[in-house]
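Reader: I would like a close look at a single part of this model, namely its aromatic ring pairs, with enough of the surroundings to place them. Please keep the reasoning visible where a label depends on a cut-off.

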Amino acid sequence: MERRDFLWFTGLAAGAVVVPPALSGCAYDPVTGESVFSLVSEEQEIEIDRQQSPHQFSADYGANDDTRLNRYVSQVGAAITRTSHRPQMPYSFRVLDANHVNAYTFPGGSMAVTRGILVELDSEAELAALLGHEIGHVNARHSAERATKGLLAQAAVGLAAGAVSNENAQSLVAGVGAISATALLAKYSRNNEREADRLGLDYAVAAGANPKGMIELMAMLNTLHDAQPGALQIMFSSHPMSAERVANAREQVQTVYQNQQGRDLGRERYMDYTAALRKERTLIKTLANADLAVSAGEFQQADQALDQARRIRDDDYALWIISAKSNMGQGRSRSAVADLQKAQTLKPTEALPLYMLGANYLDVGEPDAALSAYRQYQLKLPGNPMVDFFIGYSYEQMGQQPPAAEAYRTFLQQVQQGEQAEHAYRQLLAWGYLS
């Protein structure tokens, strides 16, 4: 493969989800109590979440192994969900080993906070505000709103091009287009953020949190962004910050919740539960810099940060994944394989190393090893259609057309656009499987 083609393999593509038909378009807004137009039902929100969230959590280096810390975050989050408009949703919470500052949720309530943001918080009140904000997105059904707009946009494109009949347009609106994790976690509108702030503060205070946590959370994020803009590029790309949001939160606290500002901020409790994580703060910040450098293609800078991280501690799973990414970007596939094998020993339950191993084995001309890696990945983390493509590609490199064609056909049933879909289609046509 050419280097440009190989670098494509470094990204983890989340599984595509085909939304089942929901043509009535009627839904209930649990926050306002009004009927709204939506092509995604609550059941579909939960199903999309179930299929998509594991892939994103894996891409963010998996769950942190501090059971006590994860239980604490879950307890704080669960208390807030009980005060929300949708307490029946299957909420779940986890700390991920991603090093950047971020928190996010999927539409069914599967939420994540990164270790990168936890080392920046100072109190349970701030944690409650952070989780409350994400719970606010779930309750206001912001992901369903964006999914509906996306499906309508796909239908509009098809109709404008005159490429579909009315019957086919209905199928398109019903969800023939795939919704990816990237789309679900894309940038919220300012109205979405404003609503999630208000709801999140209401929920957190109702659960017993000090409302000043929201102001302190926003102040921390703004200060960090001003000092290190790159540190928050991921969070701010999906959660746009503005001076208006800070002012609104301050006004809400000073007026609606003036009498609750004397509550315990929960600093000591938060510091106790995050003590072990905060000892790793320097490592986490160093790895965050390495990750940013890899993303920017600044591999020499990334390698310097990784060397610094190894001197701090060389048994961190994320460190070896980032090192593998850097080596892959520089064409050092054999070194990347060694990195990924090390990562496997540190977190044997994680699937991401297998996915990346497959790419590296293909690059060094070992399609049989690649096939084995992708098969193992598929068992650990099913639902990623790109794996079907790579299984087909591995078989193709081995000269085995029938199983390659079978895998390509499975892939094309899920994905119909992009370079990989074009390659699979061309090969099926050339091999006589399509007329």
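Author: What follows starts with the chain as a whole, turns to the ring pairs, and ends with the cores and one helix.

The model is a predicted one, and the mean pLDDT of the protein chain is 84, with 79% of its residues reaching 70 or more. Two stretches call for caution: over residues 1–24 pLDDT stays under 50, although the model has 75 contacts there beyond four places in sequence, and over residues 151–183 pLDDT again stays under 50, with 45 such contacts. The protein chain holds 23 helices and five strands, and buried residues make up 54% of its 435 residues. Among contacts between residues at least 6 apart in sequence, 70% join residues at least 24 apart. The chain exposes about 18,800 Å², of which carbon and sulfur atoms supply 50%.

As for the rings themselves, a search of the whole structure finds 14 aromatic pairs. In one of them, tyrosine 72 and tyrosine 270 have ring centres 6.4 Å apart and planes at 55°, so the pair is tilted. This pair links distant parts of the chain, since tyrosine 72 lies in helix H3 (residues 67–81) and tyrosine 270 in helix H13 (residues 267–273), 198 residues apart. Both tyrosine 72 and tyrosine 270 are buried.

Another pair is formed by phenylalanine 389 and phenylalanine 390, whose ring centres are 5.4 Å apart and whose planes meet at 70°, so this pair is edge-to-face. The label follows because planes over 60 degrees apart count as edge-to-face. Phenylalanine 389 is buried, with a relative accessible area of 5%, and phenylalanine 390 is buried too, with a value of 0%. Ring pairs link these two phenylalanines into a cluster with Tyr355, Tyr374, Tyr377, Tyr393, Tyr408, Phe411 and Trp431.

Two members of that cluster, Tyr374 and Phe411, return in the description of the largest nonpolar core, which has 56 residues and in which Ile321, Tyr374 and Phe411 have the most contacts. Isoleucine 321 touches Tyr61, Leu340, Ala343, Leu352, Pro353 and Met356, when residues up to four places away in sequence are not counted. A second, separate core of 46 residues includes Tyr91, Ile135, Met220 and Ala249.

Helix H15 (residues 281–295) adds a view of how one helix is covered. At 1.5 Å a residue its 15 residues should span 21 Å, and its end C-alpha atoms are 21 Å apart, so the expected and modelled spans agree. Within H15, Leu283, Ile284, Thr286, Leu287, Ala288, Ala290, Asp291, Ala293 and Val294 are buried, and their cover includes helix H4 (115–118), helix H14 (275–278), helix H16 (299–312) and helix H17 (317–329). Glycine 297 follows H15, with a positive phi near 75°.

By contrast with these buried positions, glutamate 43, found in helix H2 (residues 42–59), is exposed, with a relative accessible area of 57%. The label applies because that value lies over the 50% cut-off. The C-alpha atoms of glutamate 43 and glycine 108 are separated by 8.6 Å, with their places 65 residues apart along the chain.

Notes
Residues are numbered from 1 along each chain as its sequence is written. This is a predicted model: local features need pLDDT of at least 70, side-chain atom pairs count only at pLDDT 80 or more; totals for chains, interfaces and linings use all residues. Side-chain values use heavy atoms; hydrogens and water are left out. Helices (H or I, at least four residues) and strands (E, at least two) are DSSP runs, numbered from the N terminus. The expected span of a helix is 1.5 Å times one less than its number of residues. Buried means under 20% relative accessible area, exposed over 50%, partly exposed in between (1.4 Å probe, protein chains only). Contact means heavy atoms within 4.5 Å. pLDDT is the predictor's confidence in each residue, from 0 to 100. A nonpolar core is a set of buried Ala, Val, Leu, Ile, Met, Phe, Trp, Tyr and Cys residues joined through side-chain atoms within 4.5 Å. Accessible areas come from the Shrake-Rupley method with a 1.4 Å probe; for residues, only the protein chains shown count as cover. Rings of Phe, Tyr and Trp (its six-membered ring) pair if their centres lie within 6.5 Å; planes under 30 degrees apart count as stacked, over 60 as edge-to-face and the rest as tilted.
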